[in-house]
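Biologist: I have a new model open and would like to go through it with you. Could we begin at the ligand and then move on to the fold?

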Amino acid sequence: MSAPMGPDEGYERALGEFAAALVDLRINHGAPTYKQLSKAAQTAGRTSLSSSAISEAMNGVRLPSMEFTLELVRQIAGHDPQVREAWRERWTRVRRLQRRGTAYRARPERTSPNQGEGQQGFESPPDGPRSAALREAAEIVAQARVEAEVLIAEAQAQADEILRAAEEVKKSAVRDISPAVARLMTRESMRIILLGPPGAGKGTQGMYLKRILGVPKVQIGDLMRENISQGTSSGLLAKQIMDRGDLIPDGVFMDMLRHRLSREDVSDGFLLDGLPRTVEQSQMLDSLVDERGHKIDIALHLDISRDEAVRRISGRRICKKDSSHVAHVLYAPPQGYDACRVCGGGFVARADDSRHVVKNRWAVWEAYTEPTAALYGARGQLVKVSGYGSVDEVTERAVDALAAFFG
Ligand code: ADP
C-alpha cells in the first residue's frame with residue numbers, strides 16, 4: 001500500500017480526512033458507491049485503487065486480463081519504477097511473442113532451412129518458431145498470473161480495509177446523530193408508511209428520514225411520473241386514463257409499486273409516501289408486501305391542523321429538477337431563495353397547491369385516509385407525532401417515536 005500505515009501524525013490526519021469524506025457521503029448521499037468510496041479513500045491517501053479496481057477486487061477477480069494486471073501494477077506497485085517497468089516489458093514481450101506466433105498463420109511456415117518450396121502448412125510443428133513463440137508467451141503469462149495473485153490479494157486487502165473503515169465511520173456518524181438513531185440502525189429492516197393530511201410534512205420529513213435511517217423513500221407521485229416518462233406498460237395506461245380525465249384505478253398504482261418493491265435497494269426497507277390513501281389501498285399494499293414475505297412495520301402519522309396545512313401548502317415550493325426536494329417561502333426558505341439547497345435547482349409552486357384544491361384534499365384526507373390511519377392504530381402499528389415546530393424538531397420527534405416503537 002502506498003499510504004503510510006504507521007500511527008504517525010500524517011496517518012491520523014489522513015484517517016480523519018477519510019472519515020470526514022465518508023461522513024459526508026453518508027449524510028449527503030446515503031450508501032456510497034465504489035466511485036465515492038475510492039474518491040474518499042484517495043483524498044485521505046488510504047488507497048491508490050480506482051473504483052473499478054476496488055469493485056473488481058471486491059468481486060473476487062481471479063485470473064486477470066493483461067490490462068487489469070497492468071492497471072493493478074500501476075495502482076498498487078506503480079510507485080516503484082522498477083516493478084512497473086519490469087511488468088511493462090514483460091507484457092510487451094508477451095504481446096510481441098503472441099503476434100509473432102499468430103502472424104505465421106497467414107502463410108506457409110518453413111521449419112527448417114531444407115524444407116522444399118511450395119510446401120503449404122498452417123500448423124507449425126511443435127518445434128517451429130510459431131509454436132515456440134506461443135509457448136514462451138504462455139509461460140510468461142502463467143508466471144505473471146502467479147505474481148498477479150499477490151497484487152490481487154493486496155487490492156482485496158485495500159478494498160476490505162476501505163469497506164471496514166466505511167462501516168466504522170458509518171456507525172460513529174450514526175452514533176453522533178443520536179442514541180435513538182443508533183438503536184434504529186441495529187434493525188435489519190424498516191418498512192414505514194408516512195401518513196398525514198396534505199401539508200403535514202411527509203415529503204419534507206421523508207427527505208431527511210431516508211438519509212438518517214438509510215432506507216430509500218418511495219413516493220407514489222414520483223413513481224407515477226417515472227413510469228410515464230419511461231413508457232412502462234403501467235405508465236402508458238395511467239397516461240391514457242388521465243388524458244381521458246378519469247381517476248387512475250388502484251390496480252395501476254399497485255402494479256407500479258409491485259415492480260418498484262421488487263428492486264434490490266428496498267429489500268431492507270423503505271419509507272412510503274402518498275399511499276395508502278384508502279382502507280382498500282392499505283389492504284392491497286399489505287398483500288403486495290406479503291407477496292415478498294414481508295410486512296409493513298409502522299405507519300408514522302404527522303399531525304397538523306387544517307389552517308396550518310393551508311398556510312404551509314400555499315407557500316410550498318418544489319424543486320424543478322427533483323420534485324421530492326421541498327421548501328416553503330416563509331417556513332423553510334431555500335438558501336438565496338431561488339436555489340434548492342439539496343441540488344441547486346430552481347423552485348416552482350405545484351400546480352395543484354391552490355387554496356381551493358387544498359380544501360378538497362383535506363376533505364379526502366378526512367373521509368378516506370384518516371380511517372386508514374385508524375386501521376393501523378387498531379392493529380398497534382400507528383405512531384402519531386405532532387407536525388408542529390421546526391423541520392428539525394419534527395425530525396427528532398419522529399426518530400424518537402420510531403425508536404420507542406421498535407424498542
Ligand atoms: P406533505 O408531503 O405532507 O404534503 P410537505 O412536506 O410538502 O407536506 O410540506 C408542505 C409545506 O410545508 C412545504 O412547503 C414545506 O416546506 C413546509 N413544511 C414542512 N414541514 C414544515 C415545518 N415543520 N414547519 C414549517 N413548514 C414546514
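Modeller: Certainly. Please keep in mind that this is a predicted model. A good place to begin is the backbone of Ala200, where a polar atom is 3.2 Å from an oxygen atom of the ligand.

Biologist: How far from an oxygen atom of the ligand is the backbone N or O atom of Gly199?

Modeller: That distance is 2.8 Å. Lys202 also approaches an oxygen atom of the ligand at 2.8 Å, but through a polar side-chain atom.

Biologist: How much of the ligand does the protein bury?

Modeller: The protein buries 94% of the 560 Å² that the ligand exposes when taken alone.

Biologist: Which elements give two or more residues to the shell around the ligand?

Modeller: There are helices α8 (202–213) and α15 (391–406), together with strand β6 (326–328).

Biologist: Which residues come nearest to the ligand?

Modeller: Among the 20 residues around the ligand, the nearest are Gly199, Lys202, Thr204, Arg316 and Ala327.

Biologist: And what is the make-up of that shell by class?

Modeller: Nine residues of the shell are nonpolar, eight are polar and three are charged.

Biologist: Arg316 was on your list of nearest residues. What does Arg316 stand opposite?

Modeller: Arg316 stands opposite His328, which belongs to β6. Strands β5 and β6 pair in the antiparallel sense over three bridges, and they form a hairpin with six residues between them.

Biologist: Which strand do two bridges join to β5?

Modeller: That strand is β7 (residues 347–348), and the two run antiparallel. Within β7, Phe347 is the residue that Cys319 stands opposite.

Biologist: In what order do the three strands lie in the sheet?

Modeller: The order is β6-β5-β7, in an open sheet with antiparallel pairing. Strands β6 and β7 each have a single partner strand and stand at the edges, so one side of each has no neighbour in the sheet.

Biologist: Let us turn to helix α13. Which of its residues are buried?

Modeller: In α13, which covers residues 306–314, the buried residues are Glu308, Ala309, Val310, Arg312 and Ile313.

Biologist: What covers the buried residues of α13?

Modeller: Their cover includes strands β5 (316–319) and β6, as well as helix α14 (355–378).

Biologist: A change of topic: is the peptide bond from Leu275 to Pro276 cis or trans?

Modeller: The bond is cis, with omega near 5 degrees. For context, most peptide bonds are trans. Pro276 itself lies in the loop between β3 (269–273) and α12 (279–291).

Biologist: Finally, the overall picture. How many helices and strands does the protein have?

Modeller: The protein has 15 helices and eight strands. It has 407 residues, of which 42% count as buried. The exposed area of the protein is about 21700 Å², and carbon and sulfur atoms supply 52% of that area.

Biologist: Among contacts between residues at least 6 apart in sequence, what share joins residues at least 24 apart?

Modeller: The share is 68%.

Definitions and conventions: Residues are numbered from 1 along each chain as its sequence is written. This is a predicted model: local features need pLDDT of at least 70, side-chain atom pairs count only at pLDDT 80 or more; totals for chains, interfaces and linings use all residues. Side-chain values use heavy atoms; hydrogens and water are left out. A residue is near a molecule or strand if one of its heavy atoms lies within 4 Å of it. A polar contact is a pair of N or O atoms within 3.5 Å; within protein, one must be able to donate a hydrogen and the other to accept it, and residues adjacent in sequence count only if both atoms are side-chain atoms. Accessible areas come from the Shrake-Rupley method with a 1.4 Å probe; for residues, only the protein chains shown count as cover. Helices (H or I, at least four residues) and strands (E, at least two) are DSSP runs, numbered from the N terminus. Ala, Val, Leu, Ile, Met, Phe, Trp, Tyr, Cys and Pro count as nonpolar, Asp, Glu, Lys and Arg as charged, and the others, Gly among them, as polar. Buried means under 20% relative accessible area, exposed over 50%, partly exposed in between (1.4 Å probe, protein chains only). Contact means heavy atoms within 4.5 Å. Two strands pair if DSSP finds at least two bridges between them.
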